[in-house]
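Colleague: Got a minute to go through this one with me? I'd like to start with the charged pairs.

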Amino acid sequence: VGLAPPSPEAMERRRTLMELLAKGDMKRVAEMMTTNAFSPGFQSKNRAEFERYMKVKLQNRPDGLLRTMRSLEAAAGSPPDLSKVKCPVLIIVGENDAYMGVEQGKQTQQAIPGSKLVILPTGHASAIEAPDQFNSAVLEFLSGVTGK
């Protein structure tokens, strides 16, 4: 069961990030990843959270992050068969997710039998941008999970 490929914009962002990582420009990578992780306007309303997230991104090693991004790119050509997943699955995406996107979330839900999709009014970092909504979605999902 195939999934939607990343949008052309997301693919271009990934290529740009990979070029910057190859040059070792972790500062610019952290800025881009942080800006793209949140909904428009989050940075101005939540400066401390934005800066804290960027500090975490700055701790990544460029070579390690580059290897991770290359492996994601390689895996995109042959996604796993998600119809074989048998455990309960919760998929959370943000309406403004510049990395994953709502369409990919919907296709993932369709590919995994019995999975649940929650779309939050956030970017990629839903747990930081809307922690109460994120936690409520996770706790509600977990309360419905039974051992079999």
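Colleague: Which helix holds Arg52 and Glu49, and how many residues apart are they?

Modeller: Both are in helix H4, three residues apart, which is about one turn of the helix. This is a predicted model, and in it their side chains form a salt bridge with an N to O distance of 2.6 Å.

Colleague: Is Arg52 buried or exposed?

Modeller: Neither; Arg52 counts as partly exposed because its relative accessibility is 46%. Glu49 is partly exposed too, with a relative accessible area of 30%.

Colleague: How many salt bridges does the structure hold?

Modeller: Eight. One of them joins Glu31 to Lys27, with the closest N and O atoms 2.7 Å apart. Those two sit four residues apart in helix H2, about one turn of the helix. Lys27 is exposed at 55% relative accessible area, while Glu31 is partly exposed at 24%.

Colleague: Which residues are linked with Glu31 in a network of salt bridges?

Modeller: Lys27 and Arg28.

Colleague: And where do Glu140 and Lys116 lie?

Modeller: Their side chains meet in a salt bridge at 3.1 Å, N to O. That pair links distant parts of the chain, with Glu140 in helix H8 and Lys116 in strand S2 (residues 116-120), 24 residues apart. Glu140 counts as exposed at 52% relative accessibility, and Lys116 as partly exposed at 30%.

Colleague: What else does Lys116 touch in H8?

Modeller: Phe141, which lies in helix H8 (residues 131-143), touches Lys116 along with Pro88, Val89 and Leu90, leaving aside residues up to four places away in sequence. Phe141 counts as buried, because its relative accessibility is 16% and the cut-off for buried is under 20%.

Colleague: Now Glu129. Which side chain of opposite charge is nearest to it, and how far away?

Modeller: Lys45, at 7.0 Å. Glu129 is buried and has no salt bridge; the cut-off is 4 Å, so Lys45 does not qualify.

Colleague: What polar contact does the Glu129 side chain make?

Modeller: One with the side chain of Ser39, at 2.7 Å. Glu129 is in helix H7 (residues 126-129). Its contacts, not counting residues up to four places away in sequence, include Phe38, Phe42 and Pro121.

Colleague: Phe38, then. What kind of aromatic pair does Phe38 form with Phe50?

Modeller: The structure holds three aromatic pairs. Phe38 with Phe50 is a tilted one, 6.2 Å centre to centre with 45° between the planes. Phe38 is in the loop between H2 and helix H3 (42-45), and Phe50 is in helix H4 (residues 47-58), twelve residues apart. Both are buried, Phe38 at 5% relative accessibility and Phe50 at 3%.

Colleague: Why is the pair of Phe38 and Tyr53 edge-to-face?

Modeller: Because the planes are at 70°, with the ring centres 5.0 Å apart. Tyr53 is buried, with a relative accessible area of 15%. Ring pairs link Phe38, Phe42, Phe50 and Tyr53 into a cluster.

Colleague: Last topic. How many residues are in the largest nonpolar core?

Modeller: Eleven, among them Leu17, Met33 and Leu65. Helices H1 (8-23), H2 (26-37) and H5 (62-76) are the elements giving two or more residues to this core. A second, separate core has eight residues, including Ala30, Ala37, Phe42 and Met54.

Colleague: What does Met33 touch?

Modeller: Leu17, Tyr53, Lys57, Leu65 and Tyr99, not counting residues up to four places away in sequence.

Notes:
Residues numbered from 1 in each chain as written. Predicted model: local features only at pLDDT ≥ 70, side-chain atom pairs only at ≥ 80, totals over all residues. Heavy atoms only, no water. Buried < 20%, exposed > 50% of the residue type's maximum accessible area, 1.4 Å probe, protein only. Lys, Arg positive; Asp, Glu negative; His and termini not counted. Polar contact = N/O pair within 3.5 Å; in protein donor to acceptor, adjacent residues only side chain to side chain. Contact = heavy atoms within 4.5 Å. Core = buried A, V, L, I, M, F, W, Y, C linked by side-chain atoms within 4.5 Å. Phe/Tyr/Trp six-rings, centres within 6.5 Å; stacked < 30°, edge-to-face > 60°.
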